[in-house]
Amino acid sequence: MISFENDYLEGAHEKVLARLIETNMVQESGYGTDSYTKQAQERIKEVIGLPTAEVQLLTGGTQTNQIVIDTMLEPYQGVLAADTGHISTHEAGAIEFTGKKVLTLPSSNGKLSAESVKDYIEVFYNDANHDHMVFPGMVYISFPTEYGTLYSKQELEQLSAVCKAYQIPLFIDGARLGYGLASDYSDVTIADIAQLSDVFYIGGTKIGALCGEAVVFTSNNMPKHFVTRIKQHGALLAKGRLLGVQFLELFTDNLYFEISQHAIKMAQKLRTSFVNKGYQLYIDSSTNQQFFIVHNDKLKELQTKIKFSIWEQYDATHTIIRFVTSWATTEENIAKIDALI
């Protein structure tokens with residue numbers, strides 16, 4: 001059965017696998033001190049245009065979100081996030097497991113507004129009892145959001161300004177960063193992301209790597225003894241070269257951005273197929289996640305032919321479903337979808 005459940009169904013891009021095989025018998029030191037990781041870190045700093053950035057490689061998105069948030073917040077602080085945000089909904093309480101609280105705010109199309117963040121912080125500090133409450137210590141957003149929507153450069157500038165005004169970091173979850181940047185509707189570059197955030201990460205797991213996320217601290221703000229604290233979380237990979245080799249290849253000859261563009265091209269073809277067949281869009285996503293409203297009877301029929309995600313109930317008789325393309329999606333599978341729906 002054909003599947004469009006997520007963007008990590010396949011293993012890794014063939015060029016990444018080839019580089020892993022090519023370097024397999026080279027002896028290297030461990031825990032991210034190998035030459036491949038060092039080269040990847042330097043390459044990433046070149047690409048984002050920020051030579052003073054600090055880069056660390058971790059293995060997965062939830063792990064990355066948990067470690068970054070836990071190490072950057074004080075014990076009395078929490079993290080502001082959209083009520084639809086990944087750390088709010090799909091990370092099994094990983095942030096709360098560290099003793100930090102996710103402070104949710106209403107979202108619009110999956111996005112936080114600078115105004116809502118500012119209002120929350122001002123109301124908090126105007127409350128005479130705020131010493132008895134969890135302090136807002138960070139703002140977390142995803143680019144693109146969990147609904148495939150994008151922040152404009154202006155929206156990111158506004159969020160960044162609020163965070164700077166209240167001296168709290170802006171953290172951008174970039175698990176699907178390449179797919180957001182590759183969208184025809186994005187006016188944001190990876191250099192903009194680096195300039196406007198205090199910390200962000202470049203997703204590899206969903207964009208061509210077997211695993212891996214590259215965390216970038218943009219303003220000499222990496223938490224003290226960060227590697228030690230990664231190890232305290234049980235997340236320091238002995239064979240750190242596995243991550244270094246993959247990111248080095250992804251950022252060689254523009255591969256990361258080229259395969260991201262491919263996913264967007266496939267998503268638009270997928271969307272066109274559904275719309276031409278009379279399906280209703282739930283949200284206007286220009287990235288690799290596409291959401292449709294279907295009658296529950298149609299849902300059952302589709303489930304016998306295709307694998308996809310059940311997103312949420314729309315009303316008593318309709319459901320929102322999600323289809324996801326990736327670097328590995330083929331023209332052949334898009335054609336099969338068109339025939340099946």
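**A four-stranded sheet and a buried threonine**

Hi everyone, let's begin with one pair of residues: glutamate 312 sits opposite isoleucine 320 of β13. Before I go on, please keep in mind that this is a predicted model.

So, what surrounds that pair? Strand β12 pairs with β13, residues 318-324, in the antiparallel sense, and four bridges connect the two. They belong to an open sheet of four strands, and if you follow the order across, you read β9-β10-β13-β12, with antiparallel pairing. Which strands stand at the edges? Those are β9, residues 280-281, and β12, residues 309-313. Each has a single partner strand, so one side of each is left without a neighbour in the sheet.

Now bring helix α12 into view, residues 255-276. The helix lies across β9, β10 and β13. Its direction runs at about 15° to that of β10, which spans residues 289-295.

Let me turn to my other stop, threonine 149. You'll find this residue in the loop that links β5, residues 135-142, to α7, residues 153-165. Is threonine 149 buried or exposed? Its relative accessibility is 9%, and because the cut-off for buried is under 20%, threonine 149 counts as buried.

What does the side chain of threonine 149 do there? A polar atom of that side chain lies 2.5 Å from the backbone oxygen of asparagine 109. There is also a polar contact of 2.5 Å between the side chains of threonine 149 and threonine 145. Leaving aside residues up to four places away in sequence, threonine 149 touches Asn109, Gly110, Lys111, Pro144, Ile283 and Asp284.

Thanks, everyone, and do have a look at the structure yourselves!

Technical notes: Residues numbered from 1 in each chain as written. Predicted model: local features only at pLDDT ≥ 70, side-chain atom pairs only at ≥ 80, totals over all residues. Heavy atoms only, no water. Buried < 20%, exposed > 50% of the residue type's maximum accessible area, 1.4 Å probe, protein only. Polar contact = N/O pair within 3.5 Å; in protein donor to acceptor, adjacent residues only side chain to side chain. Contact = heavy atoms within 4.5 Å. Pairing = 2+ DSSP bridges. Axes fitted to C-alpha atoms, helices over the stretch in contact; angles between N-to-C directions.
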